Amino acid sequence: MARATPPSHPPEELPHILWWRWRRSPLRRRSDLAQAWVAVGRFLAVLAGIPAAVFLVGDTAYRHHRETARHQAASRHDTTAALVHDVPRHPEPGSDEAESALYPATVRFTDAQGHARTGKAEVEPALTKGSTVQVWVDTEGRITDPPLTAEQVRDRTMGCAVLAGLAVPLLGAAVYRCAVRVLERRNLSRWDTAWAATAPRWTAPR
């Protein structure tokens with residue numbers, strides 16, 4: 001049995017197929033032309049929206065993270081702390097994983113007011129009790145993360161800008177789809193109205 005193949009269109013016919021909504025035709029509806037204009041508007045909006053979103057979101061994110069880094073640098077300081085207990089050894093000492101692994105451990109340190117405090121810090125494996133480590137402490141004497149570095153501010157800013165750039169075409173696709181659904185519903189409503197007027201003519205007399 002011969003296998004059916006879908007009809008193919010010559011290359012010279014493809015532009016006519018892709019642009020059929022723009023060509024005058026008895027079969028073209030006003031909604032078809034409206035959908036074509038919506039598609040053009042979506043394309044132009046996305047084309048202009050991507051660089052605008054990247055710039056605006058990136059600039060806002062940079063200002064936010066830069067101010068956060070400044071606040072953290074002003075409200076945090078590093079100090080020396082001593083381990084209260086031994087830290088477990090890594091199961092695979094000397095491996096790449098062991099070099100990057102950190103374990104939670106209790107440490108003792110003195111805050112900015114001279115008070116002795118204890119807290120939890122992430123330290124390297126295999127350290128013994130009494131070993132000293134550097135920790136960051138906030139104004140309330142709590143162990144915290146170090147302030148954001150310039151590289152971290154840049155990376156977070158770029159991440160926000162990239163997400164904003166990706167969100168624009170997705171938003172454009174969602175808006176386009178909603179517009180198409182509205183046009184389709186209007187078409188169905190018009191078809192129902194037209195059929196209600198035409199159906200009696202097709203009804204066979206009894």
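A salt bridge here is a side-chain nitrogen of Lys or Arg within 4 Å of a carboxyl oxygen of Asp or Glu. Keep that cut-off handy for the exercises below, which work through a predicted model.

**Exercise 1. Find the salt-bridge network and name its members.**

Start with the total: the whole structure holds 6 salt bridges. Now pick one pair, Arg 142 and Glu 140, whose side chains meet with N to O at 3.1 Å. That distance passes because the limit is 4 Å. Next, look for what else is tied in: Asp 138, Glu 140 and Arg 142 are linked in a network of salt bridges. As for its setting, Arg 142 is partly exposed, at 48% relative accessibility.

**Exercise 2. Take the salt bridges Arg 117 to Asp 111 and Arg 154 to Asp 155, and work out which partners are buried and which are partly exposed.**

Step one is the geometry. Arg 117 and Asp 111 come together at 2.7 Å, N to O. For Arg 154 and Asp 155, the closest N and O atoms are 3.6 Å apart.

Step two is accessibility, where buried means under 20% and partly exposed runs from there up to 50%. Asp 111 has 6% relative accessibility, so this residue is buried. Arg 117, with 31%, is partly exposed. Over in the other pair, Arg 154 has a relative accessible area of 46% and is partly exposed. Asp 155, at 40%, is partly exposed too.

**Exercise 3. Lay out the fold, then say which strand gives the largest share of the largest nonpolar core.**

First, the parts list: 4 helices and 5 strands. Reading from the N terminus, the order is α-α-β-α-β-β-β-β-α.

Now go to the core. It has 13 residues, and those touching the most other members are Ala 81, Leu 83, Val 87, Val 107, Val 123, Val 133 and Val 135. At least two core residues come from each of β1 (76-83), β2, β3 and β4 (132-138). The winner is β2, with 4 residues. In soluble globular proteins, nonpolar side chains tend to be buried together.

Zoom in on Val 87 to finish. Leaving out residues up to four places away in sequence, Val 87 touches Tyr 103, Ala 105, Val 123, Glu 124, Pro 125, Ala 126 and Leu 127.

**Exercise 4. Inspect two loop residues, Ala 112 and Ala 126, and describe where each one sits.**

Ala 112 belongs to the loop between β2 (103-110) and β3 (116-123). Its relative accessible area is 63%, so Ala 112 is exposed. Now check a partner far along the chain: the C-alpha atoms of Ala 112 and Gly 141 are 7.5 Å apart, though 29 residues separate the two in sequence.

Ala 126 is in the loop between β3 and β4. With 32% relative accessible area, Ala 126 is partly exposed. Check the backbone as well: phi of Ala 126 is near 75 degrees, a positive value in a residue other than glycine.

**Exercise 5. Compare the settings of Leu 47 and Gln 72: which is buried, and which is exposed?**

Both residues lie in helix α2, as you can check for Leu 47 (the helix spans residues 30-75) and for Gln 72. Leu 47 has a relative accessible area of 54%, which makes it exposed. Phe 43, Leu 44 and Leu 47 build a nonpolar surface patch of about 340 Å².

Gln 72, at 13%, is buried. To see what lies against Gln 72, skip residues up to four places away in sequence; the contacts are Pro 146, Pro 147 and Leu 148.

**Exercise 6. Take stock of the whole protein: how much is buried, how far apart in sequence are its contacts, and where is confidence low?**

Begin with burial: 25% of the 206 residues are buried. The exposed area is about 15700 Å², with carbon and sulfur atoms supplying 60% of it.

Then look at contacts between residues at least 6 apart in sequence. Of these, 61% join residues at least 24 apart.

Last comes confidence. The average pLDDT is 82, and 80% of the residues score at least 70. The stretch to flag is residues 9-18, where pLDDT stays under 50 and the model has 3 contacts beyond four places in sequence.

Technical notes. Residues are numbered from 1 along each chain as its sequence is written. Side-chain values use heavy atoms; hydrogens and water are left out. Buried means under 20% relative accessible area, exposed over 50%, partly exposed in between (1.4 Å probe, protein chains only). Patches are made of residues with over 30% relative accessible area and no salt bridge: like charges are joined within 9 Å, nonpolar side chains (Val, Leu, Ile, Met, Phe, Trp, Tyr) within 5 Å. Accessible areas come from the Shrake-Rupley method with a 1.4 Å probe; for residues, only the protein chains shown count as cover. A nonpolar core is a set of buried Ala, Val, Leu, Ile, Met, Phe, Trp, Tyr and Cys residues joined through side-chain atoms within 4.5 Å. Contact means heavy atoms within 4.5 Å. pLDDT is the predictor's confidence in each residue, from 0 to 100.
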